[in-house]
Amino acid sequence: MLFAGDLQDTLPAQFEAVDVRVHTQQYHHWQLLNRAMGDNVQFGLTVDAAFVAECDTLVYYWPKSKQEAQFQLCNLLALLPVGAEVFVVGENRSGVRSAEQTVEGHVTLAKIDSARRCGLYHGRIDAQTTFDLNDWWDSYPLHDLEVKTLPGVFSRDGLDVGSSLLLSTLDKHMKGKVLDVGCGAGVMASVDGQNVTKGEADAE
């Protein structure tokens, strides 16, 4: 059994099955679950085929970003076998009701339960997807930089108004060390890195 998506709890560590595995793109989720599950938890941008080779059931936690869900599910459904069971759970306000459309042609999902403005969907894989990471990269120019982004990353489609305003107020001859926390596509750190005359700029 494989858990993936926007995990918010330690359910996978408490779940009783022959083999329970977790893939997450969130480092703090990996830290939380690794203590209890060890090597059965994988952290990374994409799923390793060998890691999920024996999995025949997917429990997917729907994230806030539909684009992120499309990216992750395309990756997962390319690796899991035809006939594998798929459960999708998430909040209505996060867009879980679009899950059926998102996997259309690959999984026939049906809503099987709902409570507290959340939905639970179930289906089986009818056909695998084709996944190539290169197809998901996007980019946009910013000054003399090329900003490369992936689905689910803040400012994926272009520089947002808030970041643009902040950049316009920064000293073009900064000194020292700059830390950009919650960096999204890393725009602030990249621009700051060009402006820092002595020191360094890091993105987290």
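A polar contact is a pair of N or O atoms within 3.5 Å, where, within protein, one atom must be able to donate a hydrogen and the other to accept it. With that idea in hand, the boundary between the two parts of this predicted model can be explored.

The chain falls into domain 1, residues 2-133, and domain 2, residues 137-202. Their centres, taken over C-alpha atoms, are 31 Å apart. Six residues from domain 1 and six residues from domain 2 make up the contact. A UniProt annotation from an unreviewed entry, "domain: Methyltransferase small N-terminal", covers residues 1-140. This span is 22% helix and 28% strand, and 38 Å lie between its end C-alpha atoms.

The size of an interface is often given as the accessible area lost when the parts come together. Here, domain 1 and domain 2 bury about 490 Å² between them, with 61% of that area on carbon and sulfur atoms. On the domain 1 side, Gln67, Phe71 and Leu133 supply 71% of the area buried against domain 2, more than any other three residues.

What, then, is the count of residue pairs in polar contact between domain 1 and domain 2? The count is zero, with both residues of a pair required to be at pLDDT 80 or more. Salt bridges between domain 1 and domain 2 also number zero. The residues of domain 1 that touch domain 2 comprise three nonpolar, two polar and one charged.

Conventions. Residues numbered from 1 in each chain as written. Predicted model: local features only at pLDDT ≥ 70, side-chain atom pairs only at ≥ 80, totals over all residues. Heavy atoms only, no water. Domains from an automatic or database assignment. Contact = heavy atoms within 4.5 Å. Buried area = accessible area lost by both parts, 1.4 Å probe. Salt bridge = Lys/Arg side-chain N within 4 Å of Asp/Glu carboxyl O. Polar contact = N/O pair within 3.5 Å; in protein donor to acceptor, adjacent residues only side chain to side chain. Nonpolar A, V, L, I, M, F, W, Y, C, P; charged D, E, K, R; others polar. UniProt positions renumbered as here; feature names shortened; annotations may be inferred. Helix = DSSP H or I, 4+ residues; strand = E, 2+ residues; numbered from the N terminus.
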